[in-house]
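Biologist: Please take a close look at the largest pocket of this model and at what occupies it. I would like one connected account, with the criteria behind each term.

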Amino acid sequence: MTLSTSTKARLRSELRARRRSLGAAQQRAASEAAALHIQQLPDWAGLQHIALYLAADGELDPSAIARLCRNSGKQLYLPRLADHKSLQFARWDAGSALVNNRYRIPEPDEGSEIRAAVELDLVLLPLVGWDRDGNRLGMGGGYYDRALAAGRPRWIAGLAHSAQEVARLPAEPWDIKLDLVVTEQALVRCKRTSDSCQASPTGEGGTSVLDDDAGL
Ligand SMILES: Nc1nc2c(c(=O)[nH]1)N(C=O)[C@@H](CNc1ccc(C(=O)N[C@@H](CCC(=O)O)C(=O)O)cc1)CN2
Ligand SMILES: Nc1ncnc2c1ncn2[C@@H]1O[C@H](COP(=O)(O)OP(=O)(O)OP(=O)(O)O)[C@@H](O)[C@H]1O
């Protein structure tokens with residue numbers, strides 16, 4: 001299935017408006033709740049190198065996850081815009097110097113240590129929209145798709161409000177599928193239809209990661 005460019009743009013704009021409409025208290029609560037849910041990953045304690053992002057535009061704020069990670073000695077990385085509309089994952093220590101990129105999102109400055117996606121244990125992506133088959137809608141630049149095309153980290157997880165879920169997103173050939181989505185409500189294990197997992201006939205998708213022992 002494919003969506004026309006204008007249909008995709010409309011969907012993106014509607015979902016962005018939806019996440020921007022959430023209030024500050026709701027955003028804070030969502031951030032804390034997501035930090036609880038992410039610890040349900042069965043190998044959470046062993047995940048050491050984790051990329052996340054600095055929230056903008058109503059995105060689910062990973063700052064409670066960042067705090068949790070720092071408190072348990074995990075190493076954090078932020079996306080940094082790279083050539084050819086790709087991203088690098090740059091080390092983010094407490095107190096690292098950050099500079100605004102062209103979208104006015106702060107990122108680690110030049111000279112910060114870079115780690116390839118395959119060397120990361122978990123990449124948390126900001127989502128505009130998501131479905132339970134692991135399809136995602138991003139900001140439309142293809143940045144994460146390019147950055148993750150060279151090799152997958154152990155886990156690719158979307159972070160998004162439950163209000164950003166859509167029944168079914170089209171899978172484009174270049175799209176990188178999500179293993180998981182973490183929302184304020186749950187940790188959802190995605191059914192990766194193109195990777196041999198079957199979509200459920202009812203169209204209902206993911207299960208709680210704790211209910212699913214396959215591949216974990
Ligand atoms: N928090 C966060 N950091 C991120 C991303 C993201 O989606 N969220 N990215 C994920 O790729 C990368 C940056 N990509 C982005 C792509 C488009 C826009 C954006 O706001 N576009 C505006 C136009 C802004 C302009 O041109 O000045 C828009 O579409 O309205 C922002 C970031 C890296 N860092
Ligand atoms: N691996 C890739 N190599 C070259 N071009 C790519 C690649 N991945 C995506 N693109 C291009 O990027 C453009 C944007 O893709 P798409 O609309 O799927 O963005 P998105 O997934 O919403 O954004 P993002 O990945 O930044 O969150 C498309 O025109 C697509 O052709």
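Modeller: The account below starts with the pocket, goes on to the two ligands and ends with the cavity.

This is a predicted model, in which local features need pLDDT of at least 70 and side-chain atom pairs count only at pLDDT 80 or more, while totals for chains, interfaces and linings use all residues. Residues are numbered from 1 along each chain as its sequence is written, chains are lettered from A and ligands numbered from 1 in the order in which they are written, and side-chain values use heavy atoms, with hydrogens and water left out.

Rolling a probe the size of a water molecule over the atoms shows where empty space is left. A pocket is defined on a 1 Å grid over the protein atoms alone as an open set of points with protein on both sides within 12 Å along at least five of seven lines, whereas a cavity is a set of points where a 1.4 Å probe fits but cannot get out; lining residues have an atom within 4 Å of a point. Grid points are joined across faces, edges and corners, and a volume is the space filled by probe spheres set on the points.

The largest pocket holds about 710 Å³ of space. It is lined by 33 residues, of which Met139, Gly140, Gly141, Tyr143 and Tyr144 are the closest to its centre. Helix H1 (5-20) and helix H4 (143-149), together with E2, strand E5 (106-108) and strand E9 (136-137), each supply at least two residues of this lining; helices (H or I, at least four residues) and strands (E, at least two) are DSSP runs numbered from the N terminus. By class, the lining has 18 nonpolar, 5 polar and 10 charged residues, where Ala, Val, Leu, Ile, Met, Phe, Trp, Tyr, Cys and Pro count as nonpolar, Asp, Glu, Lys and Arg as charged, and the others, Gly among them, as polar.

Ligand 1 takes up space in the largest pocket, and the space taken by ligand 2 is the largest pocket as well; the criterion is that more than half of a molecule's atoms lie within 2 Å of the grid points.

Around ligand 1 there are 13 residues, with Arg16, Leu54, Glu59, Tyr103 and Met139 coming nearest; a residue is near if one of its heavy atoms lies within 4 Å. Polar contacts are pairs of N or O atoms within 3.5 Å; within protein, one must be able to donate a hydrogen and the other to accept it, and residues adjacent in sequence count only if both atoms are side-chain atoms. A nitrogen atom of ligand 1 lies 2.7 Å from a backbone N or O atom of Leu54, and a nitrogen atom of the ligand is 2.7 Å from a side-chain N or O atom of Glu59. A polar side-chain atom of Arg16 is 3.2 Å from an oxygen atom of ligand 1. Taken alone, ligand 1 exposes 680 Å², of which the protein buries 71%, by the Shrake-Rupley method with a 1.4 Å probe; for residues, only the protein chains shown count as cover. Strand E2 (75-82) and H4 each give at least two residues to this shell, which has 11 nonpolar, no polar and 2 charged residues.

The shell around ligand 2 has 5 nonpolar, 4 polar and 6 charged residues, and H4 gives the most to it, with 5 residues. Oxygen atoms of ligand 2 lie 2.4 Å from a side-chain N or O atom of Arg136, 2.9 Å from one of Asp145 and 3.1 Å from a backbone N or O atom of Gly142.

Finally, there is 1 cavity of 30 Å³ or more. Arg136 is also among the residues lining the largest cavity, whose volume is about 40 Å³.
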